[in-house]
Amino acid sequence: MRFGVLRRQVEGISARVLAERLRTLEAAGFVFRHYEQTIPPAVTYGITDRMKDIEKVLAQLEELSRKWHGDGRTVGADRETTATGADA
């Protein structure tokens, strides 16, 4: 995906911050960067196999987060209920 397309898809992020985040992800091996020396330069980003592996885990975490958010309970409330034995 081209940098400009990414920037339009991520609302509220500046070009500078997006570039920093992409560099960090590239250094960690989650994304790759392809630079073409054209006028203007074309920079394309994509995900690596490493990111495809972690993407599955992130999807599961998102599902769990949505489940808990929809439940209406907070983590602190869970601890309090368990500590008082109200659910037992």
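Reader: What is the relative accessible area of Phe3?
Author: This is a predicted model, with local features needing pLDDT of at least 70, side-chain atom pairs 80 or more, and totals for chains, interfaces and linings using all residues. Residues count from 1 along each chain, and side-chain values use heavy atoms, without hydrogens or water. Phe3 is partly exposed (buried is under 20% relative accessible area, exposed over 50%, partly exposed in between; 1.4 Å probe, protein chains only), because its value is 22%.

Reader: How many salt bridges does the whole structure hold?
Author: The criterion is a side-chain nitrogen of Lys or Arg within 4 Å of a carboxyl oxygen of Asp or Glu. Arg16 with Glu20, Asp49 with Lys52 and Arg66 with Glu62 qualify. The search finds three.

Reader: Which helix holds both Arg16 and Glu20?
Author: Their closest N and O atoms are 3.7 Å apart. The two residues are four apart, about one helical turn. The helix (a DSSP run of H or I, at least four residues, numbered from the N terminus) spans residues 15–27 and is H2.

Reader: Is Arg16 buried or exposed?
Author: Its partner Glu20 is partly exposed, at 30%. Arg16 has 57% relative accessibility, so it counts as exposed.

Reader: What is the N to O distance between Arg66 and Glu62?
Author: Both residues lie in helix H3, four residues apart, about one turn. Arg66 is exposed at 58%; Glu62 is partly exposed at 42%. Their side chains meet at 2.7 Å.

Reader: What N to O distance joins Asp49 and Lys52?
Author: These two also share helix H3 (residues 49–71), three residues apart. Asp49 is exposed at 57%, and Lys52 partly exposed at 41%. Their salt bridge is at 3.9 Å.
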